[in-house]
Number of protein chains: 2
Amino acid sequence: MGRNDAALNPEEYMPLREVVFVTLRRQILRGELKPGERLMEISLANELGVSRTPIREAIRKLEHEGLVVMIPRRGAHVSEITRQELNDVLEIRRSLDVLAIRRAAEFMTEKDILELRAAEEAFTLLVERKDADLTALGEADEHFHDIIYQGTNNRRLIQILNNLREQMYRFRVEYLKDTDIRQTLVHEHNSIVKAIEDRNLEEAERLMKLHIDNQYRTINRALDMRDAAGKTTGGKHAGQ
Amino acid sequence: MGRNDAALNPEEYMPLREVVFVTLRRQILRGELKPGERLMEISLANELGVSRTPIREAIRKLEHEGLVVMIPRRGAHVSEITRQELNDVLEIRRSLDVLAIRRAAEFMTEKDILELRAAEEAFTLLVERKDADLTALGEADEHFHDIIYQGTNNRRLIQILNNLREQMYRFRVEYLKDTDIRQTLVHEHNSIVKAIEDRNLEEAERLMKLHIDNQYRTINRALDMRDAAGKTTGGKHAGQ
DNA sequence: GTTAACGACTATAAATACAATTTATATAGA
DNA sequence: TCTATATAAATTGTATTTATAGTCGTTAAC
């Protein structure tokens with residue numbers, strides 16, 4: 001069994017625990033490991049072809065990241081994410097994204113801005129093509145925001161924002177499914193880049209706040225519909 | 001060798017890795033483990049009377065928290081915190097503390113507010129007594145902010161803010177040493193509580209922003225002085 | 001028929017053993 | 001004396017073993 005089956009960078013060394021960590025995380029975020037599902041060390045060790053030690057160490061990091069919860073002597077479970085928690089995360093993201101866009105508009109170099117504009121155009125192109133799949137759209141959207149994050153020159157902020165964004169991957173499909181939403185996104189991205197090009201900090205902040213607010217509404221509307229669909233069967237009410 | 005030598009709650013079960021985790025974290029935050037210092041698994045295992053396994057798992061969490069950095073095949077080191085990173089953290093805290101105070105002013109119950117007032121008065125009393133030690137002052141200050149955090153009703157926000165605050169423990173002495181600063185703190189706390197009592201969200205936000213800004217200035221001034229003092233002796237420069 | 005106790009089974013927690021890699025030191029040669 | 005290379009010591013990375021807790025099923029007693 002090969003050394004780094006799931007490795008990303010073949011050239012540089014990566015401890016097994018890191019390989020396991022990114023593998024498990026990806027599976028959780030993609031929904032391949034569902035909320036509530038047990039993570040059994042022996043099974044995972046067999047599946048991934050490693051011993052239990054790197055599995056355990058990877059689980060520690062996932063636990064600290066909030067993607068799994070530990071019950072002592074009972075093992076690890078993929079954490080459920082409630083409606084409440086999703087909105088909590090979105091509220092934090094709004095504050096930090098506003099901070100990020102301000103710093104980015106202030107500190108990004110002209111070269112960075114060109115890159116941002118390119119990312120924006122790439123996203124727009126994907127939206128205009130009807131055959132683009134959701135994964136590609138999501139990645140293009142992610143790339144756009146990544147460039148802004150990198151432009152903040154605040155590594156801790158980048159780390160926290162990436163972590164928060166991860167928490168929402170599981171819901172990403174919800175707000176990229178609708179084609180009308182995509183048009184809105186294109187529009188918002190475009191005006192955000194423009195504000196940065198103009199170095200207009202206040203306008204950039206205002207637009208980003210709007211951008212997240214729209215995401216908030218879109219996701220919650222989608223969840224309302226999903227919950228309502230589930231409730232016609234007479235199911236009990238879960239979220240807030 | 002006893003089971004939980006460093007345990008905090010004798011009654012409830014705590015995995016060894018958790019005991020090790022809180023122990024190491026406390027040592028780092030208190031400065032007993034200094035930035036750059038190596039964390040050698042075998043030594044730590046011997047000192048704490050456990051095997052390497054819980055040590056390693058604790059280190060994974062510290063790594064994820066940013067308190068230690070791993071170099072592959074070279075082990076773990078207590079992370080240096082640069083001037084830049086400190087300011088990065090403070091900038092994030094400012095955004096999130098403003099969010100927190102807004103939510104707190106909105107959602108805190110009357111009972112919560114009474115508790116906050118009590119914490120504020122306790123802090124004031126400690127400042128007026130000249131014999132109070134820095135640790136007690138720090139804890140009183142921490143308690144004050146804790147009540148605000150709890151009032152936000154946003155668990156993720158609480159978690160992130162606590163984490164950010166931890167990063168600054170190592171600098172806490174710097175801004176509590178000066179007695180003038182303490183008077184300012186008393187004043188700021190008092191007016192913040194008042195704004196919450198009045199449910200004046202905008203005022204509360206403004207005051208909190210000011211509060212963090214002052215902290216920013218105080219800490220940086222203290223670090224300027226420390227660096228300048230360190231340099232006159234010809235000693236080597238550590239900082240950013 | 002229901003409930004409680006006992007025991008086997010399963011999974012995690014911790015310890016230990018083994019392998020691979022890095023670094024430091026010593027020695028030899030220029 | 002300085003440099004390069006080889007060897008040994010130290011340390012991390014991974015696997016395996018042992019111990020302990022928890023669960024589920026069976027059985028016996030009421």
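In this predicted model, helix H4 of chain B meets helix H7 of chain B through B:Val89, B:Ile92, B:Arg93, B:Leu96, B:Leu99 and B:Ala100 on the H4(B) side. From H7(B), the residues taking part are B:Leu157, B:Ile160, B:Leu161, B:Leu164 and B:Gln167. By class, this contact has nine nonpolar residues, one polar and one charged. Two packed helices are described by the angle between their axes and the distance between the axes. Here H4(B) spans residues 83-107 and H7(B) residues 155-167; their axes come within 10 Å and cross at roughly 145°. The crossing of H4(B) past H7(B) is left-handed.

B:Ala100, one of the H4(B) residues in that contact, also has a place in the largest nonpolar core. This core has 58 residues, and B:Ala100 is among those with the most contacts inside it, together with A:Ala100, A:Ile196 and B:Ile196. For A:Ile196, the contacts beyond its neighbours within four places in sequence are A:Ala104, A:Ala105, A:Met108, A:Ile113, A:Leu116 and A:Ala204.

The two chains also touch each other: 22 residues of chain A are in contact with 22 residues of chain B. On the chain A side, two or more residues come from each of helix H3 (52-65), helix H4 (83-107) and helix H7 (155-167). H4(A) supplies the largest share, eight residues. This side of chain A divides into nine nonpolar, three polar and 10 charged residues.

The next topic is the DNA. Strand C is surrounded by 16 residues, of which A:Gly75, B:Leu16, B:Val50, B:Ser51 and B:Thr53 are the closest. Helix H2 (41-48) of chain A gives two or more residues to the surface near this strand, as do helix H1 (16-30) and helix H3 (52-65) of chain B. H3(B) gives the most, with three residues. By class, the surface near DNA strand C has seven nonpolar, three polar and six charged residues.

Around DNA strand D there are 17 residues, and those that come nearest are A:Leu16, A:Ser51, A:Thr53, A:Arg73 and B:Gly75. At least two residues of the surface near strand D come from each of helix H1 (16-29) of chain A, H3 of chain A and helix H2 (41-48) of chain B. H3(A) gives the most to this surface, with three residues. H3(A) is also one of the elements on the side of chain A that touches chain B. The surface near DNA strand D divides into seven nonpolar, three polar and seven charged residues.

Notes. Residues are numbered from 1 along each chain as its sequence is written. Chains are lettered from A and ligands numbered from 1 in the order in which they are written. This is a predicted model: local features need pLDDT of at least 70, side-chain atom pairs count only at pLDDT 80 or more; totals for chains, interfaces and linings use all residues. A nonpolar core is a set of buried Ala, Val, Leu, Ile, Met, Phe, Trp, Tyr and Cys residues joined through C-beta atoms within 7 Å. A residue is buried if 20 or more other C-beta atoms lie within 10 Å of its own, exposed if 12 or fewer, and partly exposed in between; C-beta atoms are placed from the backbone. Two residues are in contact if their C-beta atoms, placed from the backbone, lie within 7 Å. A residue is near a molecule or strand if its C-beta atom, placed from the backbone, lies within 6 Å of it. Helices (H or I, at least four residues) and strands (E, at least two) are DSSP runs, numbered from the N terminus. Ala, Val, Leu, Ile, Met, Phe, Trp, Tyr, Cys and Pro count as nonpolar, Asp, Glu, Lys and Arg as charged, and the others, Gly among them, as polar. Axes are lines fitted to C-alpha atoms, for helices over the stretch in contact, and angles run from 0 to 180 degrees between N-to-C directions. A crossing is left-handed if the near helix is turned anticlockwise from the far one by less than a right angle, and right-handed if clockwise.
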